[in-house]
Amino acid sequence: GERPGYNNLSLTVKRVTEDHEGTPTRGVCSNYLCDLQKGAQVQVCGPYGSTFLMPNHPGSSILMICTGTGSAPMRAMTERRRRRMALKEGGELFLFFGARSANELPYFGPLMKLPKELVDINFAFSRVPSQPKQYVQDKIRERHADVARLLQDENCYVYICGLKGMERGVDEAFRDICRQHGADWEALLPTLKRQSRYHVETY
């Protein structure tokens, strides 16, 4: 949980009040949770599946790509590593985090407090006035050398979580980077999946 020594469950919730086209729509779950009163009891079931479990060996590197509330599992991973920094377990953490603006980033404050030697953070903002639109795939391409190295590292695990629309862009960025660095993404992707090193949860 968020507080060591306590039996807490932490959720990342963004209240949905409109759909992707801007039509007023009330998200069923987000509004239910946001409207709960302090002290209310909630029945929770799950989690289901094992897609977003951290690697078993602590020395592994983790490449995290997310948008919006897709940052929830990344928050758990970075927090786990932060609490164990003194053990010097090794393994790199790379985070590519996309949102419309800094104001819409969950965990922006806590992320800014993480030591630079713990995690390499790359923000992509798509709706900042007078600034060109940037998406996670753009930031991934900017860091092509590091991304290419991590994709080829057998101790690196990739986690992608967030809006469904980013999945194609990330895939194309990986394909371009592999081509640029003499690798074949079409051959590498099945290997990553077979080794349980490539995890995608989009919605």
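1. Asn-122 counts as buried in this predicted model, because its relative accessibility is 9% and the cut-off for buried is under 20%. This residue lies in strand 3. The side chain of Asn-122 is joined to that of Arg-143 by a polar contact of 3.0 Å.

2. Leaving aside residues up to four places away in sequence, Asn-122 touches Phe-94, Leu-95, Phe-96, Phe-97, Lys-139 and Arg-143. Arg-143 thus appears both in this list and as the partner in the polar contact.

3. Strand 3 covers residues 120-125 and pairs with strand 2, residues 93-99. The pairing is in the parallel sense and runs over 6 bridges. Within it, Gly-98 has Ala-124 of strand 3 as its bridge partner. Strand 2, helix 3 (residues 108-113) and strand 3 together make a β-α-β unit, and this unit is right-handed.

4. Where does strand 3 sit in the sheet? The sheet is open, has 5 strands in the order 3-2-1-4-5, and is paired in the parallel sense. Strand 3 and strand 5 (198-202) are the edge strands, each pairing on one side only. From one strand to the next, the twist averages 10°.

5. Elsewhere in the sheet, strand 1 (residues 61-67) pairs with strand 4 (residues 156-162), in the parallel sense and over 6 bridges. In this pair, Ile-62 stands opposite Tyr-157 of strand 4. As a general point on reading such strands, side chains in a regular strand alternate between the two faces of the sheet.

6. The next point concerns helix packing. Two packed helices are described by the angle between their axes and the distance between the axes. For helix 5 (residues 144-152) and helix 6 (residues 165-180), the angle is about 90° and the axes are 10 Å apart. The two helices are therefore roughly perpendicular to each other, since angles of 65 to 115 degrees count as such. Helix 5 contributes His-144, Val-147, Ala-148 and Leu-151 to the contact, while helix 6 contributes Phe-174, Ile-177, Cys-178 and Gln-180.

7. Is Arg-175 of helix 6 buried, partly exposed or exposed? Arg-175 is partly exposed, because its relative accessible area is 25%, and partly exposed lies between the 20% and 50% cut-offs. The side chain of Arg-175 makes a polar contact of 2.9 Å with the side chain of Asp-171. Not counting residues up to four places away in sequence, Arg-175 touches Trp-185 and Glu-186. Pro-106 is 69 residues from Arg-175 in sequence, and their C-alpha atoms are 29 Å apart.

How values were computed
Residues numbered from 1 in each chain as written. Predicted model: local features only at pLDDT ≥ 70, side-chain atom pairs only at ≥ 80, totals over all residues. Heavy atoms only, no water. Pairing = 2+ DSSP bridges. Helix = DSSP H or I, 4+ residues; strand = E, 2+ residues; numbered from the N terminus. Right-handed = clockwise from strand over helix to strand, strands pointing away. Buried < 20%, exposed > 50% of the residue type's maximum accessible area, 1.4 Å probe, protein only. Polar contact = N/O pair within 3.5 Å; in protein donor to acceptor, adjacent residues only side chain to side chain. Contact = heavy atoms within 4.5 Å. Axes fitted to C-alpha atoms, helices over the stretch in contact; angles between N-to-C directions. Parallel < 35°, antiparallel > 145°, perpendicular 65-115°, else oblique.
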